[in-house]
Amino acid sequence: MNSKPLGILARCGFAVSGALHLLIGLIAFGVAAGSSGHADVTGAVAALANQPAGPLLLWCSFAACVSLALWQAGDAIFDFERLPSKHKTGKKLKADAQAAVYTAMAFMLAAFARGRDQDDGESASDLTVNLMNAPGGVLLLVLIGAGVAILGIIYAIRGIRRSFQRHINLPPSPAGHKAITALGITGYVSKGVALFATGLSALIATVTVHPEQAGLDAALHALREQPYGAYVVAVVGAGLACYGLFTIVRAHLAKM
């Protein structure tokens, strides 16, 4: 896609995603310290809504996420045509999945911008209950949980193999190159750990029929109760903050 205004807004979408991950990381620090905050996307959006000029921030973030979703959908439709079929299909599916993620994020931002309270919306446990009660819902939950856990492993591998470097223009200076690479490795591995924990919590919640145990926030609160769990949660929070910072940097450096 060659639309410059859409490209600029799409880059802002990366910045919004980065800011939300940074907020999740900070909330996770609070969880490590014993706070009852919601260390997930819903909690991060609620924190953004509580800032001065919150509705304006939310609507601007909504526009940015919609633009990034459109950009990713455009990539899925128009790009990768010259690639071999075995590579093209995977890249198109990845772009479609990213478009879906940013679309969902945009809907959540719009819901809060319209005045939804953090406790009014459907939580991870609510969604789990609804799926459990639906025909075939238990199987779907198992598949979702397994899929999210596998995605977490993929993210961690991306970080270890530094494959994220293919999608950004690294600065020419050695110091900048090393700093951004280190930030990316830490961020992707931590994001992978968080996704794996989220997927695992969904599986456990489904098998034990305890929907309140589903989601990243529930996983972090449960982890905090383990020996040295507070330190582990703090490390995960720091890693998610690093991923957020990397994604904010990616807003400028991304190959669009």
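Okay, let's start with one residue, Phe-196. This phenylalanine is partly exposed, because its relative accessible area is 37%, which falls between the 20% and 50% cut-offs. Before I go on, a reminder that what you see here is a predicted model.

So where does Phe-196 sit? The residue is part of helix H7. And Phe-196 has company out there: together with Ile-153, Ile-157, Leu-200 and Ile-204, the ring makes up a nonpolar surface patch of about 400 Å². Two helices give two or more residues each to that patch, namely H6, running 137-161, and H7, running 174-208. Which of them gives the most? That's H7, with three residues.

Let me zoom out for a moment. The protein chain has nine helices and zero strands, so if you read along the sequence you just get α-α-α-α-α-α-α-α-α. There are 256 residues in the chain, and 40% of them count as buried. The accessible surface comes to about 13,400 Å², and carbon and sulfur atoms account for 67% of that. Here's another number for the overall picture: take the contacts between residues at least 6 apart in sequence, and 73% of those join residues at least 24 apart.

Now, aromatics. How many aromatic pairs turn up in a search of the whole structure? Eight. I'll show you two of them.

The first one I picked is Phe-14 with Tyr-102. Their ring centres are 6.4 Å apart and the planes stand at 90 degrees, so we call this pair edge-to-face. What I like here is that the pair links distant parts of the chain: Phe-14 comes from helix H1, residues 4-32, Tyr-102 comes from helix H4, residues 85-113, and the two are 88 residues apart. Buried or exposed? Phe-14 counts as buried, at 3% relative accessibility, and Tyr-102 is buried too, with a relative accessible area of 9%.

My other pick is Tyr-155 with Tyr-188. These ring centres lie 5.5 Å apart with the planes at 20 degrees, and therefore the pair is stacked. Tyr-155 belongs to helix H6 and Tyr-188 to helix H7, so the pair ties together parts 33 residues apart in sequence. Those are the two helices we just met at the nonpolar patch. Unlike the partly exposed Phe-196, both of these tyrosines, Tyr-155 and Tyr-188, are buried.

There's more around Tyr-155. Along with Phe-164, Tyr-188, Tyr-243 and Phe-246, this tyrosine forms one aromatic cluster. And look at Arg-158: its charged end sits over the ring of Tyr-155, 5.1 Å from the ring centre.

Back to Phe-14 for a second, from another angle. Find Gln-72 in helix H3, residues 54-78. This glutamine is buried, since its relative accessible area is only 7%. What does Gln-72 touch, leaving aside neighbours within four places in sequence? Phe-14, Ala-95, Gln-98 and Ala-99.

Last stop, salt bridges. How many are there? The count comes to one. The partners are Arg-224 and Glu-225, whose side chains meet at 3.9 Å, N to O. Arg-224 counts as partly exposed, at 28% relative accessibility, while Glu-225 is exposed, with a relative accessible area of 59%.

That's my tour, thanks for listening.

Key
Residues numbered from 1 in each chain as written. Predicted model: local features only at pLDDT ≥ 70, side-chain atom pairs only at ≥ 80, totals over all residues. Heavy atoms only, no water. Patch = residues over 30% accessible without salt bridge, like charges linked within 9 Å, V, L, I, M, F, W, Y side chains within 5 Å. Areas by Shrake-Rupley, 256 points an atom, 1.4 Å probe, with all protein chains shown as cover. Salt bridge = Lys/Arg side-chain N within 4 Å of Asp/Glu carboxyl O. Helix = DSSP H or I, 4+ residues; strand = E, 2+ residues; numbered from the N terminus. Buried < 20%, exposed > 50% of the residue type's maximum accessible area, 1.4 Å probe, protein only. Phe/Tyr/Trp six-rings, centres within 6.5 Å; stacked < 30°, edge-to-face > 60°. Lys NZ or Arg CZ within 6 Å of the ring centre and 35° of its normal. Contact = heavy atoms within 4.5 Å.
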